[in-house]
Amino acid sequence: MTAHPDAPVPVTTDLDTGGFWQAAAHNRLALRACLDCGTVLHLPKVMCHRCRSTRSGWREIEPVGTLASWTVVRAALHPAFPPPYTIVLVELDAAPGARLIGYLDGAPDLAMGQPMRATFQQVRDQVTLVQWSPLPAVISGPSPDSLVPDLS
Ligand SMILES: [Zn+2]
């Protein structure tokens, strides 16, 4: 997807969220975490809700998650985002409870719990968005090969 010239972009130098955008610019996913107890602080905040420490930093997180929800937008709301498009909510596997939002073109077939992988989309100098791509769902049960009768 190529960014529309009028697409809104995030402020990447914000004190509370800048580390997220700096990591994204290097094709990495990072969340703020407490330096004293390790709790992930998402949404980013100054004080740890678990131990009340005010010491925090940015921790690289594996860029994979699970589809928690999604919605398909079929009405034009902004010229930069022609419908249909899909907004996904992804829960990070390495940080349960931390969820990120992403944009997908069109209306792809999705399933609750579907594995998702982050992708990184540079839309301006110093502005890289974290997006999500669906991975094939893990299907449990016998593999198709095990269902083929042995004819030997
Ligand atoms: Zn803490």
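The legends below describe a predicted model of a protein in five views.

**View 1. The whole protein, with one helix and seven strands.** Helices (H or I, at least four residues) and strands (E, at least two) are DSSP runs, numbered from the N terminus, and from that end on the elements run α-β-β-β-β-β-β-β. Of the 152 residues, 21% count as buried, a residue being buried if 20 or more other C-beta atoms lie within 10 Å of its own, exposed if 12 or fewer, and partly exposed in between, with C-beta atoms placed from the backbone. Residues are numbered from 1 along each chain as its sequence is written. Because the model is predicted, local features need pLDDT of at least 70 and side-chain atom pairs count only at pLDDT 80 or more, while totals for chains, interfaces and linings use all residues.

**View 2. An open sheet of five strands.** The strands stand in the order 5-4-3-6-7 with antiparallel pairing, where two strands pair if DSSP finds at least two bridges between them. Strand 5 (99–105) and strand 7 (127–134) each have a single partner strand and stand at the edges, so one side of each is left without a neighbour in the sheet. From one strand to the next the twist averages 40°, with axes that are lines fitted to C-alpha atoms and angles that run from 0 to 180 degrees between N-to-C directions. Strand 3 and strand 6 (residues 115–124) run antiparallel and are joined by three bridges, and G65 stands opposite M116 in strand 6.

**View 3. The loop between strand 3 (64–73) and strand 4 (85–92), which holds A76.** A76 counts as exposed because it has 11 C-beta neighbours inside 10 Å. Leaving aside residues up to four places away in sequence, A76 touches P82 and P83, contact meaning that the C-beta atoms, placed from the backbone, lie within 7 Å. P83 is joined to P84 by a cis peptide bond with omega of about -5°, and P84 also lies in the loop between strand 3 and strand 4.

**View 4. The loop between strand 1 (29–34) and strand 2 (56–61), which holds L43.** A cis peptide bond, with omega of about 5°, joins H42 and L43. R52 has its place in this loop too, and its phi is near 70°, a positive value in a residue other than glycine. R52 is exposed, with 10 other C-beta atoms within 10 Å.

**View 5. N27, in the loop between helix 1 (18–25) and strand 1.** Although N27 is not a glycine, it has a positive phi of about 55°. N27 counts as partly exposed because it has 13 C-beta neighbours inside 10 Å.

Definitions and conventions: Contact = placed C-beta atoms within 7 Å.
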